[in-house]
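User: Can you walk me through this one? I'd like to start with a helix and then check the cysteines.

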Amino acid sequence: MGYTGTTAGTGKVKPAEKTGNIGVIIPEQYYGAYVMTDHLIGKGHRQIGFVGRVDAYLCNCDFIADIVIQNLEAKRYQVPQDISVVGIDDFRPSGVDDTRISTYKVDMERMAEACVGSLIRKIKGETYVKGIQLISGEIVCKRSVADRRSTG
């Protein structure tokens, strides 16, 4: 299968070096993970993940981030005062507070457009992008990240 990436989070699609017979549209979550990690570092976090004293969690999606927050709060941690939590997708089931989790928002409209466009071109026998198309997103700052940068 081919691979088509974007250039430095611009959302511009790079041509596939190797193509297969299928087209795949996926969010650019690896870049999203990079952007959210860079955001945490920019806010002064230095120990992210499971190394030493954890002061921030990067979750693979906002649904999991919400579960992590609920579990932390059940153990009497305060988010973001004690631990920051971020997700990647900006999608939560109804009933989940959508003003809380800082995230990397996936551009679902662009994903749908790319998917439908590729499908229509394939059905018509026209040229379409084969391989993986990565759709970039954007960082959305909400209330789940503390600013740990030193003030002095």
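**Helix α1 and its surroundings**

Analyst: Right after α1 comes G44, with a positive phi near 95°. This is a predicted model: local features need pLDDT of at least 70, side-chain atom pairs count only at pLDDT 80 or more, and totals for chains, interfaces and linings use all residues. Residues are numbered from 1 along each chain as its sequence is written, and side-chain values use heavy atoms, with hydrogens and water left out.

User: How many residues does helix α1 have?

Analyst: Helix α1 has 14, residues 29-42. Helices are DSSP runs (H or I, at least four residues) and strands likewise (E, at least two), numbered from the N terminus.

User: Which residues in α1 are buried?

Analyst: G32, V35, M36, H39 and L40. Buried means under 20% relative accessible area, exposed over 50%, partly exposed in between (1.4 Å probe, protein chains only). The buried residues of α1 fall within an arc of 140° seen down its axis, so they line one face. That arc is taken from the directions from the helix axis to the C-beta atoms. On the other side, Y30 and Y34 are exposed.

User: What covers the buried residues of α1?

Analyst: The cover includes β3 (56-58), β4, β5 (102-106) and β7 (137-140).

User: Switching to cysteines. How many disulfides does the structure hold?

Analyst: It holds 0 disulfides, a disulfide being a pair of cysteine sulfur atoms within 2.5 Å. For C59, the nearest cysteine sulfur is that of C61, 7.6 Å away.

User: Is C59 buried or exposed?

Analyst: C59 is buried, at 6% relative accessible area. C115 is partly exposed, at 40%.

Notes:
Expected span 1.5 Å × (residues − 1). Contact = heavy atoms within 4.5 Å.
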